Amino acid sequence: MRFLLSCTLLLLAGPVLVAEPVLAETIFVSNEKDNQIAVIDGDSLQIKNKIKVGRRPRGITLSGDGTQLYVCVGDDNRIDVVDIASGKIVHTLPSGPDPELFVLSPDGKKLYVANENDNMVTVIDVAERKAIGNIQVGVEPEGMGISPDGKILVNTSETTNMAHFIDTEKHSVVGNVLVDSRPRVARFTDDGKQVWVSSEIGGTVSVIDAAALKVIKKIRFEVTGVRREAIQAVGIQMTKDGKRAFVALGPANRIAEIDTDSLEVKRYFLVGQRVWNLAFSPDEKRLYTTNGISNDLSVIDLERNKVIKSISVGGAPWGIVVKP
Amino acid sequence: MIGQLALALPAAAQENGAPEAGAKVMLIGYLARQEDPRTPLSFLEPVATDEGLQGARLALADNNTTGVFLKQSYRLVEQVLPQDDDISAGLKALADEGVRFVVADLPADALLAAADRPEAKSMLLFNARATDDALRNEQCRANVLHTAPSRRMLADALAQYLAWKKWTRWSVLTGRDSGDALYAEAVRRAAKRFGSKIVVEKSWTFDTGNRRTDTGVTTIQSDIPLATQGPDYDVLVVADEAGDFGDYLDGRTWYPRPVAGTQGLTATAWSRVNEQWGGTQLQSRFEKLAGRWMTPRDYAAWLAVRSVGEAAARTNATGFDDLTGYLRSPDFELAGFKGEALSFRAWDGQMRQPILIAGPRMLVSVSPQEGFLHPVTPLDTLGDDAPESKCRLNR
């Protein structure tokens, strides 16, 4: 695809090779067993670098300006900040104990971190590099989603089985919605109207009306030849136009695609073993998935709806983020 | 920690465990008798004097954290009777306080005595201790659910793993306690079910004494080869529930063969070696509370108290009939840090659950093993399935 496009450019405009890096995204994968971030070139799909970080890296996200990576290193009770250009840790952020997942406010100024061991969410001022508040939530906070306007934060608690809606001004819980067992990931739709919450043990995705705080649909999954207990919903991603949604199904080794109008499953993609999380390429023509047991990254071509490649990335890949 | 939170947050939601004003208080009873502390043979293991109780306390705190958001609150009414005290007095005291859900951390005979009391008719007891198969069969009771696995579940879990390993010729060594004989019975049944053969059975007849007795290693080193001599086998299956001698076996047997059963490679509901499926959080929460490891008995009590909390959260009800109905329904599912949802079997009230295959220092596997199929759920390949159950309750 990329090859074709470059050729066309060459034919039409002569030496415009400088335009080519438009497609050259970089993929960052946190390997929780290796304590490394694998850096993968989106063009060649080859590993360019491995960055050593703290112990058990899982949650990973880009800074607001895209020059740094924030990485939750749970076993070291902190967040490592990696300078992407140099591939070095430049400083750390005080996350509170055992951070696993977090979300950056849309303005890039605050990080909201789930502290699994202490039933709370820590708010970090990124510039000041300090915790500026915490919010008491249910047992084992995990998933973190934020509304597009940054006003509402959603945290899931794995043993309480709720999505907690938090006012980010007041740092207080304004609503709670019960979902199925062991909720993992919370994600707002881009219009801010819905929050999707995956339940690992329940094996479902609850679609919550963000204004009414009601579950409007529970999406269930069924894969021929896979026992129900192996279907464990975790990572969720949606295209910017809001039309296509993808859910990682853990040990079912599948990604489910969901039609966001009907909220029905459209198709399943067979990927590597125990798929945790997923991320789009910037043009949304590809979807990358981290497969924790088979230690690889699956590449799904979203135009042809085909899994086109798997790349070995290291020990127990978990989190993933793509930099344009 | 609590202090720090209280500073940062003004609302009532901060103190875990403290009933919120206006919240409905649900009572959960914990019924047990004082016992001599269990003293493991290994010095690495903690001597526990509060097994079971701490599991119930942790689950209570978990329920209350959730309850804050639902305006539900829980209180644990602890009834720990003196040794040999009549169990009915304890049950009556709970009933007088209005308790209807009771975690029974009791051996089988005491559990039955409690369940058959008139006050217990309007109660639900959680058997968080007794592994006796009879309690799930001939002696089953309508007012009892079991969060502790049965001996058959444990033996089946081990047998599946040994079948997967193709270690199918077993030598069985059984201790002197009545529970050991029952464990050995479950092992025989499991061998038949999953295609293994017991080539020889022996009884342990040696004295082992106190773990601190300083006799060097001489006695035990000569006793064990004698006790394990005979026809060759793949694996030595030991039935020693109290832990009187089983830990001495590994490394001392006549043949160079692994030890499994109640020691060595152990089939168990819970073990410190497990940190899969978010188990890290449960282990660290427990250790912070109790100052020691979580044992299978703590885990069973945790499951019992969490079951009540889960039912109350899901039904948004606190009525006894609403909650018991939901607990027994197919809709009930509890996340128990073992990778899949746990629920109660309709035919005998047993909680279906994966069983860990744990080594002394590492998690080895988890049963049911892949390939042992079941039309409803592979979890029901462990223990008594509906067709074979001798429990005749009209549920």
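In the predicted model, P368(B) is placed in the segment that follows strand 15 (363–367) of chain B. The peptide bond between S367(B) and P368(B) is cis, with omega at about 5 degrees. A further backbone feature occurs in chain A, where D98(A) has a positive phi, near 45 degrees, although the residue is not glycine. D98(A) belongs to the loop that connects strand 7 (88–93) with strand 8 of chain A.

Strand 8 of chain A is part of an open sheet of four strands, whose order is 8-9-10-11 (chain A) and whose pairing is antiparallel. The edges of this sheet are formed by strand 8 (99–104) and strand 11 (130–136) of chain A, each of which pairs on one side only. On average, and with direction ignored, neighbouring strands of the sheet are turned by 25 degrees against each other. In the interior of the order, strand 9 (residues 110–115) and strand 10 (residues 120–125) of chain A form an antiparallel pair with six bridges. Within this part of the chain, N115(A) is found opposite M120(A) of strand 10 of chain A.

A second sheet of chain A is likewise open and consists of four strands, in the order 3-2-1-28 (chain A), again with antiparallel pairing. Strand 3 (46–52) and strand 28 (317–323) of chain A occupy its edges. Each of these edge strands has a single partner strand, so one side of each remains without a neighbour in the sheet. The twist from one strand to the next averages 25 degrees. Six bridges join strand 3 of chain A to strand 2 (residues 36–41) of chain A in the antiparallel sense. I40(A) has I47(A), in strand 3 of chain A, as its bridge partner.

Contacts between the chains involve 23 residues of chain A and 21 residues of chain B. On the side of chain A that touches chain B, two or more residues are given by strand 11 and by strand 15 (172–178) of chain A. Strand 11 of chain A gives the most, with three residues. By class, this side of chain A comprises five nonpolar, eleven polar and seven charged residues. Strand 11 of chain A thus appears both at an edge of the sheet 8-9-10-11 and on the side of chain A that touches chain B.

For chain B, the domain assignment gives domain 1 (2–149 + 271–353) and domain 2 (152–268). The C-alpha centres of domain 1 and domain 2 of chain B are 31 Å apart. Contact between the domains of chain B involves ten residues of domain 1 and ten residues of domain 2. The side of domain 1 of chain B that touches domain 2 of chain B has four nonpolar, four polar and two charged residues.

Two helix pairs of chain B were examined for their packing. Helix 5 (residues 151–165) and helix 6 (residues 178–193) of chain B have axes 8 Å apart and pack at an angle of about 45 degrees. Helix 5 and helix 6 of chain B are therefore oblique to each other, and their crossing is right-handed. From helix 5 of chain B, the contact includes R151(B), R152(B), L154(B) and L158(B). Helix 6 of chain B contributes residues including L182(B), Y183(B), V187(B) and R193(B). Ten nonpolar and five charged residues make up the contact of helix 5 with helix 6 of chain B, with no polar residues.

The axes of helix 2 (residues 53–70) and helix 8 (residues 279–290) of chain B come within 10 Å and cross at roughly 115 degrees. Helix 2 and helix 8 of chain B are therefore roughly perpendicular to each other. The crossing of helix 2 and helix 8 of chain B is right-handed. Q54(B), R57(B) and L58(B) of helix 2 of chain B are in contact with R285(B), F286(B), L289(B) and A290(B) of helix 8 of chain B. The residues of this contact divide into four nonpolar, one polar and two charged.

Note on methods
Residues numbered from 1 in each chain as written. Chains lettered and ligands numbered in written order. Predicted model: local features only at pLDDT ≥ 70, side-chain atom pairs only at ≥ 80, totals over all residues. Axes fitted to C-alpha atoms, helices over the stretch in contact; angles between N-to-C directions. Parallel < 35°, antiparallel > 145°, perpendicular 65-115°, else oblique. Left-handed = near helix turned anticlockwise from the far one by under 90°. Contact = placed C-beta atoms within 7 Å. Nonpolar A, V, L, I, M, F, W, Y, C, P; charged D, E, K, R; others polar. Pairing = 2+ DSSP bridges. Domains from an automatic or database assignment.
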